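Let's walk through this model together, one region at a time. Keep the 3D view open beside the text as you read.

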Amino acid sequence: MSMARTSRSIVLMLLLACVVVGCGRPDNKLRTGYGKRTGNQAGSVNGTKAFSEMFREAGYYVRSYGVVSPSMLRHDVIVWFPDSFDGPTPELRDTILNWLDEEEGRTFIYVGRDFDASIQYWSDVLDKVDPAAKFDAMRQRGLAIESFDELRNYQSSKADYSFFKIERDAPQRVAKSLTGPWAKGIDTSKTQIELRSKMIPADEDTIYEGFNAYDEDAPPIHLVEDTEILLGTTGNEAIVARLGSDYSDNQIILINNGSFLLNLPLVNPEHRKLAAKLVNQCDQSYYAPDSVAFLETEGGVRIMNADQSTDGNSGWEWLSKWPLNLVGLQMAWWLIVLCFALYPIFGRAKRLPAAETSDFKKHIDSVGDLLQATDDHGYAQLRVQQYHQAMKGDTVYRRSKVRRGEGK
């Protein structure tokens with residue numbers, strides 16, 4: 001897969017840039033939901049819709065899940081943007097290792113939570129709004145920082161998740177220099193990769209810690225024996241690391257945070273290059289993957305035996321399934337055009353011509369309808385006879401309302 005295969009996704013992201021940054025006016029209803037590619041938070045500054053579209057444009061079938069289920073584990077690539085600072089639990093770690101052991105050519109991507117794009121959004125807005133709106137933008141930025149720090153301060157300063165360790169007491173910084181294979185072709189001066197914690201991927205000496213090699217039920221540890229830093233910064237600090245093995249084509253990709261993968265950061269062209277390198281990294285084996293599952297969690301991760309997919313949160317995913325994807329969108333478009341052609345009234349309403357009251361034929365028709373409604377043939381005949389007598393000037397005979405013999 002080459003960079004050219006993501007050209008359509010680049011256009012999509014540029015449109016996203018117009019929506020997100022666009023006119024530069026602060027929006028008090030900014031969507032900030034984290035790690036979602038479906039539903040009403042797909043367009044959030046912290047969403048993953050743009051990144052998932054890069055997979056789709058590269059030829060992958062993409063689907064979202066809210067739990068770890070057998071259906072999700074049938075995919076070749078699993079991408080997880082947790083909305084909490086907690087890393088993979090032992091249960092999830094074992095599930096992923098067993099999943100990797102089942103087939104070759106699989107990739108698990110973990111993206112840390114230690115970044116909030118809403119802070120970057122309000123910082124960018126400060127330089128674009130007029131003076132009257134700058135105070136409100138500063139207030140919104142302060143609220144975003146307070147909310148993120150409050151969530152972050154509940155976490156321990158150090159944590160060990162077997163695959164990697166996290167040190168959260170590191171100073172906040174921006175990666176001024178990039179190293180590693182992915183740094184080739186990237187203009188570091190135009191990137192804005194923020195780091196607030198230090199990720200230490202497991203190496204060949206520490207990867208076995210916490211595993212019992214003699215336990216028959218233990219996960220296969222030979223799948224993650226080697227460590228490679230794909231993208232680093234000063235001091236060889238890992239931003240993106242790969243855990244793999246000479247005995248398998250499977251891999252685990254660890255990413256410090258989503259500061260170059262979420263919707264808003266992907267507006268940056270250099271970030272899109274890095275995201276494209278991540279997409280290409282999933283297709284490095286002889287077994288070409290063709291499906292990607294995005295795990296969208298809130299808090300902890302649920303692992304279920306029964307299938308439970310959250311695909312279709314937006315309500316329109318059925319149009320992307322075969323065979324409806326061939327004709328569904330075209331039919332929907334023409335139905336919309338038909339509705340606009342048939343139902344709306346454009347311009348002023350047309351005034352219908354008024355009925356003429358001088359037309360004597362209409363009077364005759366109305367009298368005939370009234371006589372027919374009486375359902376009395378004799379009465380109708382009498383009324384017609386009275387009309388003719390009145391027109392001739394003769395005495396009009398009227399039928400008495402008193403029956404014969406009742407007047408005496």
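What volume does the largest cavity have? About 90 Å³. Before going further, a word on the ground rules: this is a predicted model, in which local features need pLDDT of at least 70, side-chain atom pairs count only at pLDDT 80 or more, and totals for chains, interfaces and linings use all residues. Residues are numbered from 1 along each chain as its sequence is written, and side-chain values use heavy atoms, with hydrogens and water left out.

A cavity here is a set of points, on a 1 Å grid over the protein atoms alone, where a 1.4 Å probe fits but cannot get out, and its lining residues have an atom within 4 Å of a point. Points are joined across faces, edges and corners, and the volume is the space filled by probe spheres set on them. The structure holds 1 cavity of 30 Å³ or more. Of the 13 residues that line the largest cavity, the closest to its centre are Tyr110, Gly112, Arg113, Ile166 and Arg168. The lining divides into 7 nonpolar, 3 polar and 3 charged residues, where Ala, Val, Leu, Ile, Met, Phe, Trp, Tyr, Cys and Pro count as nonpolar, Asp, Glu, Lys and Arg as charged, and the others, Gly among them, as polar.

Tyr110 leads us to strand β3 (residues 107-111). Helices (H or I, at least four residues) and strands (E, at least two) are DSSP runs, numbered from the N terminus. Buried means under 20% relative accessible area, exposed over 50%, and partly exposed in between, with a 1.4 Å probe and protein chains only. In β3, 5 of the 5 residues are buried, so the strand is largely enclosed by the rest of the structure. Thr107, Ile109 and Val111 lie on one side, Phe108 and Tyr110 on the other, and both faces are covered.

Now look at the neighbours of β3; two strands pair if DSSP finds at least two bridges between them. Strand β2 (residues 77-80) runs parallel to β3 and is joined to it by 4 bridges, with tryptophan 80 partnering tyrosine 110. Between these strands the chain passes through helix α3 (residues 90-102), in a right-handed β-α-β crossover: with the strands pointing away from the viewer, the path from the first strand over the helix to the second runs clockwise. Strand β11 (residues 248-255) also pairs with β3 in the parallel sense, over 5 bridges, and there isoleucine 252 is the bridge partner of phenylalanine 108.

Ile166, also beside the cavity centre, belongs to β5, where Phe164 and Ile166 point to one face and are buried, while Lys165 and Glu167 point to the other and are not. β5 pairs with β4 in the antiparallel sense over 3 bridges, and lysine 158 stands opposite glutamate 167. β5 is also antiparallel to strand β8 (residues 198-201), over 4 bridges, and lysine 165 has isoleucine 200 as its partner there.

Most residues other than glycine have a negative phi. In the hairpin of β4 and β5, with 3 residues between the strands, serine 162 takes a positive phi near 65 degrees. Serine 162 is buried, at 17% relative accessible area. Asparagine 236, in the loop between β9 (226-233) and β10 (237-245), has a positive phi of about 60 degrees and is exposed, at 53%.

Methods: 1 Å grid on protein atoms, 1.4 Å probe; cavity = no way out; pocket = protein on both sides within 12 Å on 5 of 7 lines; lining within 4 Å.
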